[in-house]
Amino acid sequence: MKFWRRTEKKHETVKEVSPDTPSVSQPLKAKTTKAERRALQEAQRAAKAASKGYTNGNSAVAESGKASPAKSKKQSSQKKDGPPVTSSVTIYKKSGNHPLEKERKKDPPPQRMQFDDQNRVEKAKRRALVNQTEARNRVEIFRHLPQYEHGNQLPNLESRLFQLDSMHPAVFKVGLRYIAGDISGVNARCTEMLRALQDAIIDYSTPPEKVLIRDLTAKINSYVSFISECRPLSISMGNAIRFVKSRIAKLPLSYTDTEAKTALCSDIDRFINEKIIIADKVIVGHAITKIRDGDVLLTYGLSCVVEMILLSAHDLGKKFRVVVVDSRPKFESQALLARLIAKGLSCMYTHINAVSYIMHEVTRVFLGASAVMSNGTVLSKIGTACIAMVAHEFRVPVLICCEAFKFHERVLLDSICCNELGDPDAVATVPGRMDINYLDNWTNKENLQLLNLMYDVTPSDYISVIVTDHGMIPPTSVPVIVREYGQEHYIT
């Protein structure tokens, strides 16, 4: 009997609390602020904890449960009659110290645009100046990268030359050259982009009722967006753009337009001179010390730094041979081979499929790089990883020649997440062989996709040393360069 009476009292107390809970959730139907919703959630949790306390026979929790619904009723009445409830969240908002600020700082930086997101792609198309046509046979594993048909952008863009009033002619010209493929090489692309931005800054004038820092930054963003539509930006170009934006943000408000433009143009000239031109000379001075008489040096692709190293070593009178390795579809190494032969160097030319047969004669491998990541991996022309792995298997040292402004704090483990896709028709044809036409009209075959990757990632295990303008370092020391001579170093 006593047990039955106690359970009956429990049910009565639960019935007393439960009618209050609908009043807590009722104000959610009206339009409420974030602080009000947070207060209601706390009241609901307290009511729920109170109900659990009654079922377990805990009277202390039951008392707190009675107090919390009353408090929630009072808050709901204040929402209907008076001003909104001021909670701890609103206090933090007024003071400017948000409790989640530390957690937000730990969030990763925003990623590049994913082209498999239909909503973002549609928004980007509405803002785009270059009319792109999506490829019909897209490679599924690379759907997050832009895959457009090549060959139809240039005529369409040239016809709109006098219609784009917001685009500076120098930036427009660089974009056309990017689409046509007239500018190749990371250093050349970065230098041409900075020169175009410099011309745009010279012709800039602050509109009335506008601030130079904000308006010029918006202009630079529109120019960079147009350039990236013509061809995706490289990592080094992204570092250069961040440098320009940081210099704009640090301009004193007391500067006139003439003073600000003079300072920015001087900073861009200093960046090109110090980070590219002088850096290449310093790299050449370090790398020459690793070349000895009788060496057989192997290089792959078209790297301006490696070319300078080979020519400088030859001018110093060192006796060595060069093995130039090339690959389809662009055969970029043929231009390097022609210049080396013209200077009198002894060279051998082969394709990448024969590199394992020639590697036993090689004593050093000199390679260029498009970027070096924080974990020591090297992003470079497709095929570089194959050369490095074969050299590692034959115990041949691999030297990566790269300027420090190409270093980036990002970490890459593969060449899928971050890459660039070239023209798939380039791998479907063989230059000089019109009779080989097995892949003609390949776009009409739905079950056939052609992949032309531009870059690959070389793991740090296959790299002996990285020659930079800060000295010769192992791949494990790349984070030190990024930290000590990274973004802050370029901003000074």
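Reader: Which residue in E6 stands opposite alanine 371?
Author: Leucine 379 stands opposite alanine 371. Helices (H or I, at least four residues) and strands (E, at least two residues) are DSSP runs numbered from the N terminus.

Reader: What kind of model is this, and how are residues numbered?
Author: This is a predicted model, in which local features need pLDDT of at least 70 and side-chain atom pairs count only at pLDDT 80 or more, while totals for chains, interfaces and linings use all residues. Residues are numbered from 1 along each chain as its sequence is written, and side-chain values use heavy atoms, with hydrogens and water left out.

Reader: Back to that strand. How many bridges pair E5 with E6, and in which sense?
Author: E5 pairs with strand E6 (residues 378–381) over two bridges, in the antiparallel sense. Two strands count as paired if DSSP finds at least two bridges between them.

Reader: What is the strand order of that sheet?
Author: The order is E5-E6-E8, an open sheet of three strands with antiparallel pairing. Strand E5 (371–372) and strand E8 (455–458) are the edge strands, each pairing on one side only. Helix H17 (residues 384–393) packs on this sheet and touches E6 and E8, its direction making about 30° with that of E8. Contact here means heavy atoms within 4.5 Å; axes are lines fitted to C-alpha atoms (for helices, over the stretch in contact), and angles run from 0 to 180 degrees between N-to-C directions.

Reader: And the sheet of seven strands, what is its order?
Author: That open sheet runs E3-E2-E1-E4-E7-E9-E10, with mixed pairing. Strand E3 (346–351) and strand E10 (471–473) lie at the edges, each pairing on one side only. From one strand to the next, the twist averages 25°.

Reader: How many bridges join E1 to E2?
Author: Strand E1 (residues 295–300) and strand E2 (residues 320–326) run parallel and are joined by six bridges. Valine 296 has arginine 321 in E2 as its bridge partner.

Reader: Which strands does H13 lie across, and which does H14?
Author: Helix H13 (residues 257–288) lies across strand E4 (364–368), E7, strand E9 (465–468) and E10, at about 140° to E9. Helix H14 (residues 304–315) lies across E1, E2, E4 and E7, at about 160° to E2.

Reader: Now the helices. At what angle do H10 and H12 pack?
Author: Helix H10 (residues 186–202) and helix H12 (residues 235–249) pack at about 25°, with their axes 9 Å apart. They are therefore roughly parallel to each other; angles under 35 degrees count as roughly parallel, over 145 as roughly antiparallel, 65 to 115 as roughly perpendicular and the rest as oblique. H10 passes H12 in a right-handed crossing. A crossing is right-handed if the near helix is turned clockwise from the far one by less than a right angle, and left-handed if anticlockwise.

Reader: Which residues meet there?
Author: From H10 come Val186, Arg189, Cys190, Met193 and Leu194, which meet Ser236, Met237, Ala240, Ile241 and Val244 of H12. By class, this contact has eight nonpolar, one polar and one charged residues. Ala, Val, Leu, Ile, Met, Phe, Trp, Tyr, Cys and Pro count as nonpolar, Asp, Glu, Lys and Arg as charged, and the others, Gly among them, as polar.

Reader: How is H9 placed against H10?
Author: Helix H9 (residues 169–180) packs with H10 at about 160°, the axes being 8 Å apart. That makes H9 roughly antiparallel to H10. The crossing of H9 and H10 is left-handed. Ala170, Val171, Val174, Arg177 and Tyr178 of H9 make the contact with Arg189, Glu192, Met193, Ala196, Asp199 and Ala200 of H10. The classes are seven nonpolar, no polar and four charged residues.

Reader: Different topic: which residues does the cis peptide bond join?
Author: Arginine 328 and proline 329, with omega about 5°. Proline 329 is placed in the loop between E2 and helix H15 (333–342).

Reader: Where is confidence lowest, and where highest?
Author: The lowest is helix H5 (residues 88–95), at a mean of 40, and the highest is strand E7 (residues 398–401), at 97. These are pLDDT values, the predictor's confidence in each residue from 0 to 100. The chain averages 79, and 72% of the residues score at least 70. Over residues 1–29 the pLDDT is below 50, and this stretch has 21 contacts in the model beyond near neighbours in sequence.
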